[in-house]
Amino acid sequence: MSLLTGCGAVLSNEGDNGPITVMTWAPEGTKATNMPGMPAMAKAFARWVNGSGGIHGRKLQVVTCNERNDAVQAAGCAQEAKDDKAVAVVGSYSQYGRSFISPLEVAGIPYIGGYGVTQEEFDSPYSYPVNGGQAALLVGNGRQLAARCERTALVRPDTIAGDELPQLLNTGLKAGKRATAHDVRAPEDAGDYSKQATSALEGVGADTSLGTADQGATLESSCVTAALGNRTGTFFDSFRRVQENHPKVRIASILGGVRQSLIDSTGGSSSPLEGTYATGWYPAGDDPRWNPMKKVINKYAFDDNRIDPDDPGTQTTWIAYTVLRSVLMSLHADDISARTVRNALDNGHAVNTGGLTPTLRWGYEDTLHVPNYSRIVNADVTYQMVRDGRLVAVRKGFVNVSKILERYHPAD
């Protein structure tokens, strides 16, 4: 049986010994958030698996699709997954859950370990998230900041996916007995965020009449947190300039916005991001539990500069493919399909991720049943900060925010 190269294979994945096809999609080359490291990590993982004997001797074939931050293209990627007879879509990023989940459900294809940016990833029975998504990050960030901040401003995308973020952050702030955050909407693809930076500072009481940062004016209990994905760095660049004429406040973000590569490129230990608080899903990038992933990257993608091992997109893809490999190895070699993968997951197949997450299971009793996020099975987050130019953990281990998430009540 011949294998067509290029966009995908035209082989059935059930009842034969041909390649096992899966898909990974992410936006690349757009003016908004880009995640090229996710499909690149997927390809590296497949090279590692295939170099280690494959899946019961069968080749793991990864088909990638550029989602382009476009709803139509997201639906097109889902259709391509169906056409290529993919047994799963794994470790992918898209903010257009409404566009891609429905075609996957119609085709019966499971969505394993999406980045977690949309509500649909957390309420579709065909979705198997490996983290708590934006919900856990924002709730965790709110709880982390509540320990320090009497007043908080949130700068977030002016998008459908962004509209839910303020209420999630406020749920965390409320758990720490703090007031709701000042909500600052921002365009996803702006080159300058001075207007939003000014609004955020004014929203937390950093008025110019109180003095400036250069004069030593500081508001220790006022905080500005940003959740703008790849544009978070652009925002903080604008914020730094605007901050000069205001009292200094604390800054924070969620992982994906503040990452080690951004800290390095803005001065390392002298970076204006020094002291920034960050909430993540996983252990800090220097944690030895990431060593297996780093070894695979070094051996199978050593010259691929798209892959940043400290990037949460890369990390999520590694964990998602760890889940996939575990499930596939639990199945019979000649009975691997979207249906059998889904059945194994629904019937409580447990996955050990080497301590990067708790043991992952998606049985009925394993989900948290949070409103709009009923598929969450992992509500752990980590609290980190930029210290001496490095993003490091500020407390040992994970913080479970499941009880706080259960208090979340979405607006009507």
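Helices and strands are taken here as DSSP runs, numbered from the N terminus, a helix having at least four residues and a strand at least two. With that naming in hand, Arg68 falls in the loop between β2 and α2 (71-83). The model described here is a predicted one.

Arg68 makes a good place to start, as its backbone has a positive phi of about 60° although the residue is not a glycine. Most residues other than glycine have a negative phi. Asp388 also has a positive phi, of about 55°, and is likewise not a glycine. Asp388 belongs to the loop between β11 and β12 (390-393). With a relative accessible area of 60%, Asp388 is exposed, because exposed means over 50%.

Strand β2 (residues 60-66) includes Asn66. Leaving out residues up to four places away in sequence, Asn66 touches Ala26, Pro27 and Glu28, and also Gln73 and Cys77. Between Asn66 and Tyr93 there are 9.9 Å from C-alpha to C-alpha, with the two residues 27 apart in sequence. Tyr93 in turn takes part in an aromatic cluster, where ring pairs link it with Tyr115, Trp281, Tyr282 and Trp290.

The aromatic pairs deserve a paragraph of their own. Counted with ring centres within 6.5 Å, the model holds 18 aromatic pairs. One of them joins Phe122 and Tyr373, with 5.7 Å from centre to centre and 45° between the planes, and this pair is tilted. Phe122 sits in the loop between β4 (111-112) and β5 (127-128), while Tyr373 sits in the loop between α11 (338-346) and β11 (380-387), so the pair links distant parts of the chain, 251 residues apart. Phe122 and Tyr373 are both buried.

The loop between α11 and β11 also holds Trp362. Trp362 has a relative accessible area of 2% and therefore counts as buried, the limit being under 20%. Beyond its neighbours up to four places away in sequence, Trp362 touches Tyr128, Pro129, Val130, Val323, Leu345, Arg375 and Val377. For one of these partners, Tyr128, the C-alpha to C-alpha distance to Trp362 is 6.9 Å, although the two positions lie 234 residues apart in sequence numbering. Arg375, another of the partners of Trp362, has its charged end over the ring of Tyr128, 5.0 Å from the ring centre.

Arg375 appears again in the surroundings of Ser127, a residue of strand β5. Apart from neighbours within four places in sequence, Ser127 is in contact with Tyr111, Glu120 and Glu121 as well as with Arg375. Ser127 has 1% relative accessibility and so counts as buried. Arg375 thus has contacts with Ser127 and Trp362, and its charged end sits over the ring of Tyr128.

Turning to the helices, a packed pair is described by the angle between the axes and the distance between the axes. Helix α1 (residues 37-51) packs against helix α10 (residues 312-330) at an angle of about 40°, and their axes are 9 Å apart. The crossing of α1 past α10 is right-handed. On the α1 side, the contact is made by Gly37, Met38, Met41, Ala42, Phe45, Trp48 and Val49; on the α10 side, by Gly313, Thr314, Thr317, Trp318, Tyr321, Thr322 and Arg325. The residues of this contact divide into 8 nonpolar, 5 polar and 1 charged.

Helix α10 also contains Ser326. Ser326 is partly exposed, because its relative accessible area of 25% is between the limits of 20% and 50%. Setting aside residues up to four places away in sequence, Ser326 touches His349, Ala350 and Val351. Ser326 and Gly76, 250 residues apart in sequence, are 28 Å apart in space, C-alpha to C-alpha.

A last helical position is Thr232, in helix α7 (residues 232-243). Thr232 has 0% relative accessibility and so counts as buried. Not counting residues up to four places away in sequence, Thr232 touches Ala226 and Ala227, together with Ser253 and Gly257. The C-alpha atoms of Thr232 and Asp189 are separated by 11 Å, the two residues being 43 apart along the chain.

Notes
Residues are numbered from 1 along each chain as its sequence is written. This is a predicted model: local features need pLDDT of at least 70, side-chain atom pairs count only at pLDDT 80 or more; totals for chains, interfaces and linings use all residues. Side-chain values use heavy atoms; hydrogens and water are left out. Axes are lines fitted to C-alpha atoms, for helices over the stretch in contact, and angles run from 0 to 180 degrees between N-to-C directions. A crossing is left-handed if the near helix is turned anticlockwise from the far one by less than a right angle, and right-handed if clockwise. Contact means heavy atoms within 4.5 Å. Ala, Val, Leu, Ile, Met, Phe, Trp, Tyr, Cys and Pro count as nonpolar, Asp, Glu, Lys and Arg as charged, and the others, Gly among them, as polar. Rings of Phe, Tyr and Trp (its six-membered ring) pair if their centres lie within 6.5 Å; planes under 30 degrees apart count as stacked, over 60 as edge-to-face and the rest as tilted. Buried means under 20% relative accessible area, exposed over 50%, partly exposed in between (1.4 Å probe, protein chains only). A charge sits over a ring if NZ of Lys or CZ of Arg is within 6 Å of the ring centre and within 35 degrees of the ring normal.
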